[in-house]
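Open the model in your viewer and keep the selection panel at hand. The stops below are meant to be taken in order.

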Amino acid sequence: MKELEMKYLERLSDLYPTIAAASTEIINLQAILNLPKGTEHFLTDIHGEYEAFAHVLKNGSGSVRRKIDDVFGNTLSSRDKQSLATLIYYPKAKMELVKKTESNMEDWYKINLYRLIEVSKRAASKYTRSKVRKALPKDFAYVIEELITEKVEFNDKESYYNSIITTIIRIGRAEEFIEAISSLIQRLVVDHLHIVGDIYDRGPGPHIIMDKLVAYHSLDIQWGNHDVLWMGAAAGQRGCIANVIRICARYGNLDILEDGYGINLLPLATFALRTYHDDPCTCFRLKGPEKPNKAEMEMDLRMHKAISIIQFKVEGQIIAQQKAFHLEKRALLDKIDYEKGTIVLEGKEYALLDTNFPTIDPKDPYALSAEEEEIMERLEQAFTGCEKLQDHMRFLLTKGGLYKVYNNNLLYHGCVPLNEDGSMKEVELFGKKYKGKKLYDVLDSYIRKGFFALDEKERQNGRDVMWYIWLHPDSPLFGKNKMATFERYFLEEKETHVEKKNPYYFLLENEQVVDGIMEEFGLDPKTAHIVNGHVPVKRKDGESPIKCNGKVMVIDGGFSKAYQKETGIAGYTLIYNSYGLLLVAHEPFESTEAAIEKESDIHSEMMVVKRVLERRLVGDTDIGKELKEQVKDLELLLAAYRSGKIVEKI
C-alpha cells in the first residue's frame, strides 16, 4: 500500500476508529445513495422584486401545492387545498384573518394541524432522519419528530398522535406550532436553490432579498451583470458607484441606498439642486412609478442628471487609464460640439436633446469639478465603509461565481461570447487571450482580486474588471456591442439606441454550437442542459424559453415589473426534482396582502421539459459521486483493519 494512502487511511481511522464504526457509516451512505434526489429550484433576474421573489420562494414554484395534491388527492376540495397552501406560505397572517371569522378555533387548529403533519411527512419522506432532524425548528423539534415519524410499535397510533395535538392546543401553543411546521414544509420541499444572476437593480428590495438569501439553508449564486456592478461599487470602483446610483435614481429607488444601506446621498442632492435648479431635466424622467410629491420628484430628476454626467466623466477617465479595454469609442463627451449642441457618432452628426452642461469644461470634458470630485470621494468612502453592503458582497463572493456546473447542468447568467460562425470568440485582457471557460475563469479571478489582492495594481485591475464586465462587448455577462446609456438619454434617433446582441443569442437553436459549449465546460451534450438568464423571453411574441430541443432553458421571463409589458409574463422558474425538469411560467404577482386575503397564489403554467424513465436518486447527483468516493475510502479502511495494517482504536 502506498505511503500517502496509508497516511490518509490513518487519518480516516481517527474518524472511524473501529470496524463497526466504518461499517455503520458505509451502510448509512449506501442508504442515502438510494434516496430520491432533492428538489432543485432555479430563479433568475429577480431585480429587486422582493414580494414576488419571497412568494415564489415560499411556494417553491408550485412544489408546496404539488405536495398537497400528492397527499390529499381528491379527498380535499381545490379551495381547501389552496387555503392550506396559503397557510403554509403565510401562517401568522393567515391565522389572524381566520380568527376574525372562525367561531370554533379549536376545531380549526385540530383540522389544520393534522393536514400540515401529513404534508410534512410527505415532504420529509425523501430525506434521512438525520437531515430532517437538522431542519427541525428548535422549539418544537422533539414534538414534530414524534408526529412525522411512524411508530410501528404502537397499536393505537391515532390515540398517541391525538394526545400530542390536543395538548398543543390546550396549552395555547397551536399557532406557534403551525408557524414552525409550515416553515419546515417550505424548508423541505426545496433542497437546494440556484440564483442564476441579477438580484440587484430596478425593483425596490434587493437588500431585503439578500437578507433572505443569507438565511437560506442551501444555495449557490451565478453573478449577473447587475450583481457584479454592485460588487464593483462595494469595492470602491467609481464607474460602478456612479452606475449604481444612476440606476437607483432612474427607477425611483434611491431609498435602497439611503434607507437600505445607510449611504448618505445628501451631498449629491444638494449639489444637484443647486447646479440644475432651473433645468427641467426632461431627458432624465424616471422609469419607476411617479412620486406624488412634486418636490421629491424634481429632486430625483436633478440627482439623476447630476450622477449621469458624473458617470460619463468617470467612465471616460477609466477608458483613458485602462487602454487594455479598447473602449475609446465609448468615451463620448469629447465628441460633442458644445456650441452647436451636437455629437458625431460613427461619422454622423446628431442633435442633442439636452445641451445644459454647466459642469463640463469643453477643453477637458472628463475632468470632475471640485465639488463633483468631493462627492465621489465621499461616495467611495460610503460604499466601501458600509458594513451591511460589505456583508452582502462577501456573501455573494462566498456563495457565488460567474458559472456553476451542478448535477450535469451548466448555469450562467449571460452568454459564452461567440463569433458569427459559432466558434468561441477569443478575448484579449491585459495582454493575454482567453475564450470559453477560460474567459469565465479569468474574469472570476479578477473579481476576487478586486476585493482581496495584496498588490494594489492587481486590486485596481480587479475593480476595473467589474466595470468591464458590466458594459464591455466582450463581457459574457453583457453580450452586446455597446451599452447605449448616453444615446438613450440624449439622442432621439432610435438607431443610435440599438444594442446588437452577441451571435450567441442567435445560435441557441444550433445543436452543434450548444454541444460545443457543453463540452467546453466538461459536460456530456447527450444528457446535459444549459440554464441561462439575462435576456427576457418575450412570450407574448411567441418566443419559447426552451431552446435547442430542450438542451437550453432561458428562464428570464420578466420578474422585474419594468419588463413585464415586453415579456407578457412575470418570470420563469425551473424545478429539477427526482422525476425530471419542470419549467414554470408565472403570471404577475398582485401583492402579499392579496395572496393572504384572497388566497391568490401566483398563477403558474407548468411545462415538462424532461421526464426521466427511472426516478433520479442521490446516487445520480454530484453529491452522490462524493458519497460513493467516501464509501470506497471506507471500504479500503475496512480492508486495512481486517488485514492488520491498521489497528482498531477501541
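The tour goes through a strand, a loop residue, a pocket and a sheet.

This is a predicted model: local features need pLDDT of at least 70, side-chain atom pairs count only at pLDDT 80 or more, and totals for chains, interfaces and linings use all residues. Residues are numbered from 1 along each chain as its sequence is written, and side-chain values use heavy atoms, with hydrogens and water left out.

**Stop 1: strand E1**

Select residues 40-43, strand E1. Helices (H or I, at least four residues) and strands (E, at least two) are DSSP runs numbered from the N terminus. Glu40 and Phe42 on one side of E1, and His41 and Leu43 on the other, are all buried, that is, under 20% relative accessible area with a 1.4 Å probe and protein chains only.

Add residues 192-195, strand E2, which pairs with E1 in the parallel sense over four bridges; two strands pair if DSSP finds at least two bridges between them. Phe42 stands opposite His194 in E2. Then add E15, residues 572-577, which pairs with E1 in the antiparallel sense over three bridges. Here Glu40 has Tyr576 as its bridge partner.

**Stop 2: His413**

Select His413, in the loop between strand E9 (409-412) and strand E10 (427-429). Is His413 buried or exposed? His413 is buried, with a relative accessible area of 0%. Its side chain makes a polar contact of 3.0 Å with that of Asp198; such a contact is a pair of N or O atoms within 3.5 Å, where within protein one must be able to donate a hydrogen and the other to accept it, and residues adjacent in sequence count only if both atoms are side-chain atoms. Leaving aside neighbours within four places in sequence, residues in contact with His413 (heavy atoms within 4.5 Å) include Thr44, Trp223, Leu477 and His534.

**Stop 3: a pocket lining**

Select helix H8 (129-135) and helix H26 (622-643), which each supply at least two residues of the lining of the second largest pocket. A pocket is an open set of points on a 1 Å grid over the protein atoms alone, where a 1.4 Å probe fits, with protein on both sides within 12 Å along at least five of seven lines; lining residues have an atom within 4 Å of a point. H8 gives the most to this lining, with three residues.

**Stop 4: the sheet E4-E5-E6**

Finish with three strands that form an open antiparallel sheet in the order E4-E5-E6. The edge strands, E4 (336-337) and E6 (348-351), each pair on one side only. E5 (residues 342-345) pairs with E6 over four bridges, and Thr342 stands opposite Ala351 in E6.

Conventions:
Buried < 20%, exposed > 50% of the residue type's maximum accessible area, 1.4 Å probe, protein only.
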